[in-house]
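I opened the file to look up a few local features and wrote down what I found. The entries follow in the order in which I made them.

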Amino acid sequence: MSHKAHDISLEHLLVSKPLLYHTKRSRLLYIEKKITGVTGYIGFKTLTIALERAYRVRAVVRSERDINDLRNRSTRIAQSLDQEQLQFVVIPNFLESDAIFKVLEGITVIIHLASPLAIETDDYDVGIVKPAISMVTTVLEAANRVTSIRRVILTSPCVTLIPFEWNINPDSQRLYTVDDVNNSVTGPFSTAMEAYWASKALARLATKAFVNHARPKYDFINLLPSVVIGPDDRLDADPTAKAESLLRGTRAAVLAPALTASLNSSFPYVGTPVNVADVARAHVDSVDAGLVPGNSEYILSSDTPDGVVWDRDVQCCCRKFFPEAVVNKRLPLEGSLTAIKWRLNARHTEETFGWQFTGFEETVRQLLSQYLRLEERSSKQS
């Protein structure tokens, strides 16, 4: 079936009524990301891919300001709004009673990306764990009340395969698959990261429990991305964006070996990268039940099974693709990111989806290229 036979609505990406030339087998894509939504790193890329494929999209945002910001960041989004291919729904509080249910009319597929961040709080259970579970169960329960919904696509990071304690004594020989599930999720938790780790596992377990108990009429897909990196498309159309705009969170830690020790992470990273574009593409591909079988899970990770060594491989990419920037110290190679070896099996994912993950070298080349463009822009403005 062609992509034009589907209809999508996005931010919370909701799939809505089809365009006039769509067939009756239209689908609705609902991509929900409460913290960042389609205004966020992965959500924004997912939205633009969906629009490029001629999906009609209804997207949920937290405020009117988010709508204006998205319009300004992408000509594709602006054109889709003007052509009524894209609509927005404002939901300030995703967990408010029936907030999501009220905007699901006509939806056939939901893509749920939302989750709390690993922030410091006085009560990890209340601030991190319970909201993560509620975000998933809210979507699953609301979807079960809407007769048109045929599929719910969820996101659980690969950390849901292993317990937090694995970081202290990692098994670097075992090959992990989607059949692995972290059941070591009892508190109390001593850090925000430990609570975050548990919240992800509990949300994944809650999905399985709901499906087994409620026996919903829809099927589900659970996508498990590893360390998501790559360029941030939101910055390309932002004239105020600087190099520092890219150096946030995971991207900052991964680029530390190319740049300075000020970006060094306080904890090591598993050497399991995946390109943000591949993660977004997998979410949109999963709308197609003819391509991706339901009630299944898929690891999203490149360079499997053995992964990468951050310091060595990032610096090799710098020397290979940007030797002049290394010589003139635009890429000083002074930082570091310790890698933990974690063997993952993503073969089934590539076989099912019919494409290969973007390799680490190309992903880092894209990321460094964007950094250097933004850095050059910043130097000209100063």
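I call a residue buried under 20% relative accessible area and exposed over 50%, with partly exposed in between. The model I am reading is predicted.

**Positive phi**

I looked up two residues other than glycine with a positive phi. Glu 84 has phi near 60 degrees and is found in the loop between α3 and β4 (86-90). Its relative accessible area is 53%, so I enter Glu 84 as exposed. Ala 54 has phi near 70 degrees and lies in the loop between α1 and β3 (57-61). Is Ala 54 buried or exposed? I enter Ala 54 as buried, because its relative accessibility is 16%.

**Helices α1 and α3**

I then turned to the helices beside those loops. Helix α1 (residues 41-52) packs against helix α3 (residues 75-82) with the axes 10 Å apart and an angle of about 55 degrees. The two helices are therefore oblique to each other. I noted the crossing of α1 past α3 as left-handed.

**Strand β8**

Next I checked how far β8 is covered. Seven of the seven residues of β8 (residues 219-225) are buried, so the strand is largely enclosed by the rest of the structure. I sorted its side chains by direction: Asp 219, Ile 221, Leu 223 and Pro 225 point one way, while Phe 220, Asn 222 and Leu 224 point the other way. Both sets are buried.

Which strands pair with β8? β6 pairs with β8 in the parallel sense over five bridges, and Val 152 stands opposite Phe 220 of β8. β12 (residues 296-300) also runs parallel to β8 and is joined to it by five bridges. Here I found Ser 296 of β12 as the bridge partner of Ile 221.

**Aromatic rings**

I searched the whole structure for aromatic pairs and got ten. One of them is Trp 166 with Trp 342, a tilted pair at 5.6 Å centre to centre with 50 degrees between the planes. The pair links distant parts of the chain, 176 residues apart. Trp 166 is in the loop between β6 (151-155) and β7 (175-176), and Trp 342 is in the loop between β13 (339-340) and β14 (343-344). I enter Trp 166 as buried because its relative accessible area is 6%, and Trp 342 as buried because its value is 2%.

I also noted a cluster in which ring pairs link Tyr 298, Phe 353, Trp 355 and Phe 357.

Two charged ends over rings went into the notebook as well. That of Arg 145 sits over the ring of Phe 101, 3.7 Å from the ring centre. That of Arg 251 sits over the ring of Tyr 41, 4.5 Å from the ring centre.

**Cis peptide bonds**

I recorded a cis peptide bond between Gly 187 and Pro 188, with omega about 0 degrees. Pro 188 is found in the loop between β7 and α5 (192-214). I recorded another between Thr 304 and Pro 305, with omega about 10 degrees. Pro 305 is found in the loop between β12 and α9.

**Val 314**

My last entry is for helix α9 (residues 310-321), where Val 314 is found. Val 314 counts as buried because its relative accessibility is 0%. I noted Leu 255 as 59 residues from Val 314 in sequence and 7.4 Å from it in space, C-alpha to C-alpha.

How values were computed: Residues are numbered from 1 along each chain as its sequence is written. This is a predicted model: local features need pLDDT of at least 70, side-chain atom pairs count only at pLDDT 80 or more; totals for chains, interfaces and linings use all residues. Side-chain values use heavy atoms; hydrogens and water are left out. Rings of Phe, Tyr and Trp (its six-membered ring) pair if their centres lie within 6.5 Å; planes under 30 degrees apart count as stacked, over 60 as edge-to-face and the rest as tilted. Helices (H or I, at least four residues) and strands (E, at least two) are DSSP runs, numbered from the N terminus. Buried means under 20% relative accessible area, exposed over 50%, partly exposed in between (1.4 Å probe, protein chains only). A charge sits over a ring if NZ of Lys or CZ of Arg is within 6 Å of the ring centre and within 35 degrees of the ring normal. Two strands pair if DSSP finds at least two bridges between them. Axes are lines fitted to C-alpha atoms, for helices over the stretch in contact, and angles run from 0 to 180 degrees between N-to-C directions. Angles under 35 degrees count as roughly parallel, over 145 as roughly antiparallel, 65 to 115 as roughly perpendicular and the rest as oblique. A crossing is left-handed if the near helix is turned anticlockwise from the far one by less than a right angle, and right-handed if clockwise.
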